[in-house]
Amino acid sequence: MMESTEVVAAEISNLIVNTQTMTLATLNSAGVPEASMASFIYEAKSHQFYTAVSALSPHSAHLAAKKPTGIMIIGNEQGASHVLGRKRVSYTCAVSYTHL
């Protein structure tokens, strides 16, 4: 039985607000994917994710190129009945990059 859209949206929102890290996936200049963990802030009103990466991180240059970036937010292993059964959500994001 399919869950209603409202129930799924509430579960996704709950996962996002109760998680502090995401997997960030970017493409380098050769088109090779690189993934790592990053902390994030989620702005629910605008549905935007914000993260800060070190200028020493390869992701910094990748994000500066403003290519689409993948993120995945995954629930805690201890809350799942099976490690592969964890709740998760993935997005392909447009990038706005600000150098501080």
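In this predicted model, the largest pocket has a volume of about 700 Å³. A total of 24 residues line this pocket, and those nearest its centre are F49, Y50, T51, S96 and Y97. Several elements give two or more residues to the lining, namely the strands β1 (21–27), β4 (48–50), β5 (69–74) and β6 (88–93), together with helix α2 (58–64). Strand β4 provides the largest share, with three residues. In chemical terms, the lining of the largest pocket is made up of 15 nonpolar and nine polar residues, with no charged residues.

The second largest pocket holds about 260 Å³ of space. Its lining comprises 13 residues, and L15, T19, G75, N76 and K87 are the ones nearest the centre. Here the main contributor is helix α1 (residues 5–17), which gives three residues to the lining. Sorted by class, the lining of the second largest pocket has three nonpolar, seven polar and three charged residues. Charged side chains thus offer a handy point of contrast for a reader looking at the two sites: the lining of the second largest pocket includes three charged residues, whereas that of the largest pocket has none.

Turning to the interior, the largest nonpolar core consists of 12 residues: L15, I16, M22, L24, A38, F40, L63, I71, I73, V89, C93 and V95. Two or more of these core residues come from each of α1, β1, β5 and β6. L15 belongs to this core and is also among the residues nearest the centre of the second largest pocket. I16, another member of the core, is in contact with F40, Y42, F49, I73, V89 and Y91, leaving aside its neighbours within four places in sequence.

Aromatic residues complete the picture. The structure contains three aromatic pairs. In one of them, the ring centres of Y42 and F49 are 4.7 Å apart and the planes stand at 45 degrees; because this angle is neither under 30 nor over 60 degrees, the pair counts as tilted. Y42 has a relative accessible area of 24% and is therefore partly exposed, as the buried class requires a value under 20%. Together with F40 and Y91, Y42 and F49 form one aromatic cluster. The members of this cluster, F40, Y42, F49 and Y91, are each in contact with I16. F40 also takes part in the largest nonpolar core, while F49 is one of the residues nearest the centre of the largest pocket.

How values were computed: Residues are numbered from 1 along each chain as its sequence is written. This is a predicted model: local features need pLDDT of at least 70, side-chain atom pairs count only at pLDDT 80 or more; totals for chains, interfaces and linings use all residues. Side-chain values use heavy atoms; hydrogens and water are left out. Rings of Phe, Tyr and Trp (its six-membered ring) pair if their centres lie within 6.5 Å; planes under 30 degrees apart count as stacked, over 60 as edge-to-face and the rest as tilted. Buried means under 20% relative accessible area, exposed over 50%, partly exposed in between (1.4 Å probe, protein chains only). On a 1 Å grid over the protein atoms alone, a cavity is a set of points where a 1.4 Å probe fits but cannot get out, and a pocket is an open set with protein on both sides within 12 Å along at least five of seven lines; lining residues have an atom within 4 Å of a point. Grid points are joined across faces, edges and corners, and a volume is the space filled by probe spheres set on the points. Helices (H or I, at least four residues) and strands (E, at least two) are DSSP runs, numbered from the N terminus. Ala, Val, Leu, Ile, Met, Phe, Trp, Tyr, Cys and Pro count as nonpolar, Asp, Glu, Lys and Arg as charged, and the others, Gly among them, as polar. A nonpolar core is a set of buried Ala, Val, Leu, Ile, Met, Phe, Trp, Tyr and Cys residues joined through side-chain atoms within 4.5 Å. Contact means heavy atoms within 4.5 Å.
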